[in-house]
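Trainee: Could you take me through one part of this model closely? I would like to look at the sheet and what packs against it.

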Amino acid sequence: MLKYIKVNESNKDLAIEMQAEIFTHERSPKQIEQGIKTGNPINYIVYNDQKPVGIVGYYKDANYPEHLFINWFGVVQSERRKGFGKSIMQWLIGQCTNEPAKYLTTYTEKIENYASVKMYESLGFKIRDY
């Protein structure tokens, strides 16, 4: 069973390390630190038993009040193709239903992240060009 631990001062180094591993070309330690200080974004480290397997979160943007945006969703390379991604996203969707936003939105590269796009579609996301 997966366990979700909110990123805080005591585990932020692990969150930053995981972000760097998963998102080799794009990362933002400052955004993780901002989330700890302000509560936006809200990020979680995902564990399978005691092993960290992924990171996920969401944020609000005052310019788009009807949207919540997925933040740093990913699974470490060694744990991919085991169903963790879909389970994590289903959990996040459940978390976001408690928020007043109407839409859950994410940005991804369609070609580079083909498997992610297919997973999003299977969960009911509508794919739009950006």
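Mentor: What follows covers the sheet, then its helices, then the nonpolar cores. The model is a predicted one. Five strands make up an open sheet, ordered β1-β2-β3-β4-β5, with mixed pairing. The edges are taken by β1 (2-6) and β5 (103-105); each has a single partner strand, so one side of each is left without a neighbour in the sheet. From one strand to the next, the twist averages 25°.

At the β5 edge, β4 (residues 67-75) pairs with β5 in the parallel sense over three bridges. Within that pairing, Phe 69 has Thr 105 of β5 as its bridge partner.

Two helices can be placed against these strands. Helix α1 (residues 12-22) packs on the sheet through β2 (42-48), β3 (51-60) and β4, and its direction makes about 95° with that of β3. Helix α3 (residues 84-96) also packs on the sheet, touching β1, β2, β3, β4 and β5; its direction makes about 155° with that of β4.

The largest nonpolar core has 20 residues, and Phe 73, Ile 88 and Met 89 have the most contacts inside it. At least two residues come from each of β1, β2, β3, β4, α3 and α4 (114-122), with α3 giving the most, five residues. Apart from its neighbours within four places in sequence, Met 89 is in contact with Ile 70, Phe 73, Met 119, Tyr 120, Leu 123 and Phe 125. There is also a second, separate core of 11 residues, with Val 7, Ile 22, Phe 23 and Ile 55 among them.

How values were computed. Residues numbered from 1 in each chain as written. Predicted model: local features only at pLDDT ≥ 70, side-chain atom pairs only at ≥ 80, totals over all residues. Heavy atoms only, no water. Pairing = 2+ DSSP bridges. Helix = DSSP H or I, 4+ residues; strand = E, 2+ residues; numbered from the N terminus. Axes fitted to C-alpha atoms, helices over the stretch in contact; angles between N-to-C directions. Contact = heavy atoms within 4.5 Å. Core = buried A, V, L, I, M, F, W, Y, C linked by side-chain atoms within 4.5 Å. Buried < 20%, exposed > 50% of the residue type's maximum accessible area, 1.4 Å probe, protein only.
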